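Work through the exercises below with the sequence and the model side by side. Try each task before reading its solution.

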Amino acid sequence: MCADMVEVRWKEPAGRKRKSTALLEDISPSGMCLQFEIPLPIGTNVDVHCPGDRLAGLVRYCVYREIGYFVGIELQPSSKWSRKQFEPQHLLDLQALVMRSAQKSSGTIQ
């Protein structure tokens, strides 16, 4: 889970170029979830511009929840996310959290 602002660009079926700012809610090497103020059609190809990186993907779902549209993006195989290229401002690393908790309960962290 994370939080950061990204710019997303895509083409409408009629060919018109569009762009919007979205909130990055979640990211993994193969996909991400973005929160938009507008819906994006399923099957739309998108370019997600993050600080220092550009990721290409395909809209797999778009659902409205109380505060906006949550859009699932499947990243193209040639466009895998890596923490080395782009690390969101607020990234919750669950694996590190579990490791710290395990070390704390075993008494290795003071």
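This is a predicted model, so local features need pLDDT of at least 70, side-chain atom pairs count only at pLDDT 80 or more, and totals for chains, interfaces and linings use all residues. Residues are numbered from 1 along each chain as its sequence is written, and side-chain values use heavy atoms, with hydrogens and water left out.

**Exercise 1. Place A22**

Task: Find the strand that holds A22, decide whether A22 is buried or exposed, and list its contacts beyond the sequence neighbours.

Solution:
- Step 1. Locate the residue. A22 sits in strand β2, residues 17–28. Strands (E, at least two residues) are DSSP runs, numbered from the N terminus.
- Step 2. Apply the accessibility classes. Buried means under 20% relative accessible area, exposed over 50%, and partly exposed in between (1.4 Å probe, protein chains only). A22 has 1% relative accessibility, so A22 is buried.
- Step 3. Collect contacts, meaning heavy atoms within 4.5 Å. Neighbours within four places in sequence are set aside; A22 then touches D4, M5, V6, V8, L34, Q35 and F36.
- Step 4. Check one pair. V6 and A22 are 16 residues apart in sequence, and their C-alpha atoms are 5.5 Å apart.

**Exercise 2. Map strand β3**

Task: State how many residues of β3 are buried, then name the strands that pair with β3.

Solution:
- Step 1. Count. In β3, residues 31–36, six of six residues are buried.
- Step 2. Split the strand by face. G31, C33 and Q35 lie on one side, and M32, L34 and F36 on the other; both faces are covered.
- Step 3. Look for pairing, which requires that DSSP finds at least two bridges between two strands. β2 and β3 run antiparallel and are joined by five bridges. They form a hairpin with two residues between them. Opposite I27 stands M32 of β3.
- Step 4. Turn to the other partner. Six bridges join β3 to β6 (residues 68–75), again antiparallel. F36 has Y69 of β6 as its bridge partner.

**Exercise 3. Test for disulfides**

Task: Count the disulfides and explain why C62 does not form one.

Solution:
- Step 1. Recall the chemistry. A disulfide is a covalent bond between the sulfur atoms of two cysteines.
- Step 2. Set the cut-off. The two cysteine sulfur atoms must be within 2.5 Å.
- Step 3. Check the distance. The cysteine sulfur closest to that of C62 belongs to C33, at 9.8 Å, so the two are too far apart for a bond.
- Step 4. Give the total. The count is zero disulfides.
- Step 5. Compare the settings. C33 is buried because its relative accessibility is 10%. C62, at 23%, is partly exposed.

**Exercise 4. Inspect the salt bridges**

Task: Report how many salt bridges the structure holds, then work through three of them, R18 with E12, D47 with R54 and R60 with E74.

Solution:
- Step 1. Fix the rule. A salt bridge puts a side-chain nitrogen of Lys or Arg within 4 Å of a carboxyl oxygen of Asp or Glu. The structure holds four.
- Step 2. Take R18 and E12. Their closest N and O atoms are 2.8 Å apart. R18 is partly exposed at 25%, and E12 is partly exposed at 24%.
- Step 3. Take D47 and R54. The closest N and O atoms are 2.5 Å apart. D47 is partly exposed at 27%, as is R54 at 45%.
- Step 4. Take R60 and E74. Here the closest N and O atoms are 2.5 Å apart. The pair links distant parts of the chain, with R60 in β5 (residues 53–65) and E74 in β6, 14 residues apart. E74 is partly exposed, at 36% relative accessibility.

Definitions and conventions
Helices (H or I, at least four residues) and strands (E, at least two) are DSSP runs, numbered from the N terminus.
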